[in-house]
Amino acid sequence: MKIFSAEQIYQADKSTIQKEKIKSEELMERAATQLFEWMHSRLRGTQVKIQLFCGIGNNGGDGLVLARKLNEHGYSIKVYVVNYSDKRSEDFLLNLERLKDGKVWPDFINEESELPKISPNDIVVDAIFGIGLNRAPDEWVGNLIKHINNSRAFTLSVDVPSGLPVDRGPWEPSYVINSSYVLSFQVPKLVFFLPRTGVYVNQWEILDIGLDQDYISNTETDFELIGRPEVLPMYRPRLKFSHKGNYGHSVIVGGSYGKIGAVQLAASSCLSVGSGLVTAFIPKCGYNSLQTAIPEVMVLTGSREKNISGIEIPFEPSVIGVGVGIGQDDDTISAFGTFLKKMDSPMVIDADGLNILSQNPEMLSDVPELSVLTPHPKELERLIGHWSSDFEKLEKAKTFAAQYNLIVVIKGAHTVTLFNGKGYVNTTGNPGMATAGSGDVLTGMITGLIAQGYSTVEASIFGVYLHGLAGDLAASTKGYEALKASTLVEHIGSAFSELFRQPEMEQKDKS
Ligand SMILES: NC(=O)C1=CN([C@@H]2O[C@H](COP(=O)(O)OP(=O)(O)OC[C@H]3O[C@@H](n4cnc5c(N)ncnc54)[C@H](O)[C@@H]3O)[C@@H](O)[C@H]2O)[C@@H](O)CC1
Ligand SMILES: Nc1ncnc2c1ncn2[C@@H]1O[C@H](COP(=O)(O)OP(=O)(O)O)[C@@H](O)[C@H]1O
Ligand SMILES: [K+]
């Protein structure tokens with residue numbers, strides 16, 4: 001699903017209004033009717049107190065239309081207009097009159113007003129600011145936002161949490177609504193998925209307000225949300241008369257004394273994702289444990305006992321995944337540098353492989369083009385330097401990826417794969433995956449997919465999605481805390497099956 005910028009959403013709005021020959025107030029009515037139906041279908045007339053806080057722009061206008069409809073259906077409502085500016089939008093004004101026609105008179109809140117009482121049992125509708133927010137809210141508005149947050153009432157945000165800009169970090173982090181649920185119009189917003197801004201969004205849902213489909217399909221976006229519909233077409237089926245030679249020979253290079261488990265995890269996930277053959281290249285100390293732990297994996301050892309001091313692979317592998325547990329011994333660093341110079345087909349580089357690159361940036365130009373780098377945020381910072389917001393991070397990482405023609409997979413709660421100026425935002429995964437070795441599993445999975453003929457960018461997007469899905473399936477039986485990286489590997493098979501589960505079966509499972 002495409003993730004639009006604010007400008008693109010305004011364009012989609014305009015294009016819909018022109019094409020359908022409707023007025024903007026009709027689009028507002030349509031959007032707010034969706035909000036109302038969402039609430040009504042859940043509340044079914046329950047007499048809970050609903051406090052609506054509406055700004056003076058179109059986000060506030062949506063709130064006023066919602067208030068009118070709730071009132072018409074007998075809900076117990078209280079409407080506040082947060083009067084932060086005298087530049088009220090036309091559709092806001094129109095709907096203010098319509099609300100008054102229904103005998104609902106909002107209270108106007110300004111700098112001098114007392115903060116209204118909000119009980120934790122109330123429902124708050126947050127329609128103060130939408131995507132039009134373009135500067136820091138005034139202090140008194142910020143204080144009202146803090147007051148709403150402190151109330152602990154269920155807070156339903158219209159389109160976006162108020163105070164959260166959609167194209168940058170917030171000016172003042174405490175002046176943003178902590179939303180229990182965001183009903184976002186037509187398209188998800190990038191800020192929902194980034195670590196510093198996603199924290200304001202507990203849950204979100206898209207309401208389809210029927211914006212111009214042609215505009216939506218023909219407009220290129222900088223980011224795309226990756227769900228099942230996006231990954232399914234990438235899947236490469238296994239053929240009936242195929243043999244192991246058809247699915248590639250992966251090599252995992254890594255490990256050092258005390259960190260052989262990283263290779264074990266990467267190699268077993270590489271096999272589980274379908275690589276035809278897998279060989280591990282490790283220091284001697286890991287030989288027995290690895291051979292015992294995974295009989296299916298072949299093992300090559302270097303000349304040293306405790307670390308890798310030279311990388312010699314006596315055959316032509318389909319792909320190499322390098323770096324997990326490899327350490328940063330001086331000899332390992334120079335072995336890695338020499339190895340990069342020799343290699344010209346894309347590889348997957350993780351963990352200490354990335355740290356070696358950060359400390360020896362001259363090696364970066366030897367990394368084969370279209371290789372996949374899989375940093376967690378700390379490793380990324382070592383590669384591209386410090387950032388002051390998620391947006392700056394993404395920009396810097398995009399520039400870095402373009403400079404070396406690489407794929408950069410920024411791991412996290414919503415892993416973002418960057419390639420060719422575009423970001424692919426993953427939707428699977430859970431906090432149970434914040435555990436030792438889960439990154440090693442991802443490295444093995446991406447490597448194993450490339451071995452089978454997936455392009456490196458597809459392997460990254462598909463691998464990240466499948467890795468998160470394996471995590472979600474694992475968490476559904478193990479819970480978050482007990483989830484171990486090896487449990488992820490065990491769930492790769494069911495993650496594949498889950499990809500093809502039919503929607504009817506989902507319905508059945510829910511009942
Ligand atoms: N296609 C869509 O997605 C639709 C969007 N609509 C609504 O329209 C909203 C956008 O409306 P607007 O463009 O009117 O903007 P907002 O309602 O988000 O903000 C109101 C206005 O306040 C001003 N402002 C911005 N930051 C401020 C600050 N810190 N202090 C004081 N004033 C500030 C700006 O001039 C802005 O236009 C969306 O979020 C959505 O709720 C719907 O009404 C119709 C369809
Ligand atoms: N809160 C989270 N939600 C979803 N996925 C997560 C979360 N925390 C970590 N992950 C995933 O787990 C993996 C962790 O990788 P990494 O930090 O390299 O771990 P390790 O070095 O221990 O292998 C990444 O793929 C990341 O996206
Ligand atoms: K809002």
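## Close-up views of a predicted model

**View 1. Strand 3 beside strand 4.** Strand 3 (residues 76–82) and strand 4 run parallel and are joined by three bridges. In this pairing, Tyr80 stands opposite Asp107 in strand 4. The coordinates come from a predicted model.

**View 2. The seven-stranded sheet.** Strands 3 and 4 belong to an open sheet of seven strands, ordered 4-3-2-5-6-7-8. Its pairing is parallel. Strand 4 (107–109) and strand 8 (201–207) stand at the edges. Each has a single partner strand, so one side of each is left without a neighbour in the sheet. From one strand to the next, the twist averages 25°.

**View 3. Helix 3 on the sheet.** Helix 3 lies across four strands: strand 2 (49–54), strand 3, strand 5 (123–127) and strand 6 (154–158). Relative to strand 2, the helix runs at about 155°.

**View 4. Helix 2 against helix 3.** Helix 2 (residues 24–43) packs on helix 3 (residues 58–72) at an angle of about 55°. The two axes are 8 Å apart. Helix 2 and helix 3 are therefore oblique to each other. The crossing is right-handed. On the helix 2 side, the contact is made by Met28, Glu29, Ala31, Ala32, Thr33, Leu35 and Phe36. On the helix 3 side, Asn58, Gly61, Asp62, Val65, Leu66, Lys69 and Leu70 meet them. By class, the residues of this contact are eight nonpolar, three polar and three charged.

**View 5. The eleven-stranded sheet.** Another part of the model holds an open sheet of eleven strands. Their order is 1-9-18-17-16-15-14-13-10-11-12, and the pairing is mixed. Strand 1 (2–3) and strand 12 (298–301) stand at the edges. Each of these two has a single partner strand, so one side of each is left without a neighbour in the sheet.

**View 6. Strand 13 beside strand 14.** Within the eleven-stranded sheet, strands 13 and 14 are adjacent in the order. Strand 13 (residues 319–322) pairs with strand 14 (residues 348–349) in the parallel sense, over two bridges. Gly321 stands opposite Val348 in strand 14.

**View 7. Where the two domains meet.** The domain assignment divides the chain into domain 1 (2–219) and domain 2 (247–500). Their C-alpha centres lie 42 Å apart. Nine residues from domain 1 and seven residues from domain 2 take part in the contact. The side of domain 1 that touches domain 2 has four nonpolar, three polar and two charged residues.

Conventions
Residues are numbered from 1 along each chain as its sequence is written. Chains are lettered from A and ligands numbered from 1 in the order in which they are written. This is a predicted model: local features need pLDDT of at least 70, side-chain atom pairs count only at pLDDT 80 or more; totals for chains, interfaces and linings use all residues. Two strands pair if DSSP finds at least two bridges between them. Axes are lines fitted to C-alpha atoms, for helices over the stretch in contact, and angles run from 0 to 180 degrees between N-to-C directions. Angles under 35 degrees count as roughly parallel, over 145 as roughly antiparallel, 65 to 115 as roughly perpendicular and the rest as oblique. A crossing is left-handed if the near helix is turned anticlockwise from the far one by less than a right angle, and right-handed if clockwise. Ala, Val, Leu, Ile, Met, Phe, Trp, Tyr, Cys and Pro count as nonpolar, Asp, Glu, Lys and Arg as charged, and the others, Gly among them, as polar. Domain bounds come from an automatic or database domain assignment.
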